[in-house]
Each structure stands twice: as structure tokens, then as C-alpha cells.
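Below are some notes for a colleague who has the coordinates open. They are set out as numbered points and can be checked against the model in any order.

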Amino acid sequence: MELKNINTFLRVAELNSFTKAANELGYSQSTVTIQIKQLESELGFMLFDRIGRRVSLTPKGEAFIGYANQFLYLEAQTMSLRDTAGSVTGTLRLGVLESLFVWRIADLLPQYYHMYPDVKIEIKSATGAALYRMLRQNELDIIYLLDNAIYHKDCVRACTSPVSLKFVTSPANPLCAKKDIPLAEVAKEPLILTERDAIYRRELDNEAAKNDIELLPILEVDNLEVVLRLLKKEMGVSFMPDYVLHESVADGELSVLDVRYNIINLWSQLVYHKNKFVTPQMQAFISLVQRSSAPKR
């Protein structure tokens, strides 16, 4: 079997389109059709159902994805016998939630660069929904986001790590001296929250609604660095992931409030499409994140 035909199969399976796969690979649509027919002839079964303009995997085509990725993996491993890590080239297309980029990914980039100096890194920041959309359209190789522990059948979670969400304010706020603060009392404070499409804002709004509490922030802003700066100037109370506020709390610049509510936890998740061949540059990035997310002993 031709490896180029296998690669074409994976692109068609990922994009659900002969036309999109042809555009991505730089082939004509007829070339893609011929390659898939050659592969189907060699295998002895149909890989795709073609109904009108729609393309979908057959059950055997679905099963063949794992074998196809193994073929390409073995090819990459064979090539690595002659290539050093520094000789790996190509592009890593990473989609990331902005807060994860600033507080988790930015510090990993110098290490990644020293491992793969010839790899070009393209980074896009967006909401979780937008990142999933771009991943499914093959506009990104990997996404790193916050989400609930939801199973996506077309995605692989390479790394997950729990993230706690907490109320935080200036140490000068009188609430810092209180214990077991009702959520309704916190809601009366000047709230500085992220905009409503941020997942942790949605989770907080849902929790407030369950308790018949209305949240009326004095400011909504997506940039958490700005929120931290305002909190340190004693402007109000916010609600954010622990990795964002950890350093400021450790330095005594901010304090976590002891608020009574159903604890909200999310997961930081590193995700790629199940039909995606994991390139050496992707695997290196995955390994870096896995090591950085491992519990410290």
C-alpha cells in the first residue's frame, strides 16, 4: 500500500470531504478519488459511503483509521533513525484558551524551541467552542482548553488536569476575615467577571441561578491580567481558575475567599482529532504538557 494513499485517506476521513482533502494536500479532486479507489482495491472493502455530495466512513473504514495511523507512525519512527530531534521541521498549529496560554503554555515554549528549533509554531486563542470547531475543520493540530469532563467521540484527550475555580479579592477586603460566606453576600460585592461566553463564567452563572441569585458585575472583561491588576487595586471580587491567581495569592497580593457554594471544578484538556496522525512535533508538545501537569512530589 502507498503511504501517500493512506495519508489521503486520513485527510478525507478527518474532513469528511474529498474536495477539502484535495485542497489541503494540493491535489486535484480526481487524484484523491483515484488514490482512495486504489486503497479500497488493495484492502478489498469500501472505506467511504458516497451518497450525493456527502462522504462518510463505512464501519470498516472507521476501523481502518487505527491501522492507517500505525502505518504513518512506523514511517515516522523509521525516518527518525536518520533524523535528530533538531532536524524535525514542519508546523505545529496550536489552539489555546488565552488564560492557559499566558499561565501555562508560554513558559513551555522556550523548552520546546530548544528541542525543535526548526518547527514553526502557529498559535490561535479562542473560546472552547471555537477551538473545537477549528480542530474538526483541520485548522489546528492540537487544542488546549478548559472544559467539563465531556466525552467527544471524534477527539482524543492526550492530557487532563483538574482546575479549581475560586473567588478572589484584595487582602484589604473585609470579607477576607469571614468564613463560610454565602454566595448571596458575595454577589453584593463589586464583581469583575469575564464575559458570558467564558466557560467558568457560565458555570458561575448556572450556580447562581440554582440559588435564585442574580450576578450584576460592574465590569466584564476577558483579559484576566487586567482583572488581576484591578483586584490588586482593591476594586472588587472576581472568580477565576486557580492557575491564574496562584502566584498572586502566594505573594500575598490577593486572597481567596471562603465562599459557601457547590464547588465548581473544570479540567484543562489537551485534545487532538482521532483521525489526526500524531507527528513528532505534536508528540513532543503533548509530552511537555503531560510532564508539566503531573503532580509535583
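1. Is D212 buried or exposed? This is a predicted model, and in it D212 has a relative accessible area of 74%, which is over the 50% cut-off, so the residue counts as exposed. D212 is found in the loop that runs between α9 (199-210) and β9 (219-220), and its phi is near 55°, a positive value in a residue other than glycine. Most residues other than glycine have a negative phi, which is the reason for drawing attention to this loop position.

2. A second loop deserves the same look, namely the one between α10 (224-232) and β10 (237-241), where E234 lies. The phi of E234 is near 60°, again positive in a residue other than glycine, and E234 counts as exposed because its relative accessibility is 56%.

3. A further positive phi, of about 55°, is taken by N16, which comes just after α1. The helix that precedes N16 has 13 residues, and at 1.5 Å a residue it should span 18 Å; the C-alpha atoms at the ends of α1 are 18 Å apart, so the expected and modelled spans agree.

4. The same helix, α1, is mostly covered, with ten of its 13 residues buried. Among them are the nonpolar residues I6, F9, L10, V12, A13 and L15, but the buried set also includes N5, T8, R11 and E14, of which R11 and E14 belong to the charged class.

5. How accessible is E14? This residue of helix α1 (residues 3-15) has a relative accessibility of 3% and therefore counts as buried. Leaving aside neighbours within four places in sequence, E14 is in contact with L135, R136 and N138, and also with H273, N275 and K276. A reader inspecting this site may wish to display those partners together with E14, since R136 and K276 are, like E14, in the charged class.

6. One of the E14 partners, L135, also serves as a reference point for a separation across the model: the C-alpha atoms of L135 and E247, which are 112 residues apart along the chain, are separated by 31 Å. E247 is found in helix α11 (residues 242-250) and, with a relative accessible area of 57%, is exposed.

7. At what angle do helices α2 and α3 pack? Helix α2 (residues 18-25) and helix α3 (residues 29-43) meet at about 105°, with their axes 8 Å apart, and because angles from 65 to 115 degrees are counted in that way, the two helices are roughly perpendicular to each other. On the α2 side the contact involves F18, T19 and A22, while α3 contributes Q29, V32, T33 and I36. By class, this contact has four nonpolar and three polar residues, and no charged residues.

8. Finally, how many disulfides does the model contain? The count comes to zero, taking a pair of cysteine sulfur atoms within 2.5 Å as the criterion. For C155, the closest cysteine sulfur is that of C159, and at 15 Å the separation is too far for a bond. C155 counts as buried because its relative accessibility is 11%, whereas C176, at 26%, counts as partly exposed.

How values were computed
Residues are numbered from 1 along each chain as its sequence is written. This is a predicted model: local features need pLDDT of at least 70, side-chain atom pairs count only at pLDDT 80 or more; totals for chains, interfaces and linings use all residues. Side-chain values use heavy atoms; hydrogens and water are left out. Axes are lines fitted to C-alpha atoms, for helices over the stretch in contact, and angles run from 0 to 180 degrees between N-to-C directions. Helices (H or I, at least four residues) and strands (E, at least two) are DSSP runs, numbered from the N terminus. Angles under 35 degrees count as roughly parallel, over 145 as roughly antiparallel, 65 to 115 as roughly perpendicular and the rest as oblique. Contact means heavy atoms within 4.5 Å. Buried means under 20% relative accessible area, exposed over 50%, partly exposed in between (1.4 Å probe, protein chains only). The expected span of a helix is 1.5 Å times one less than its number of residues.
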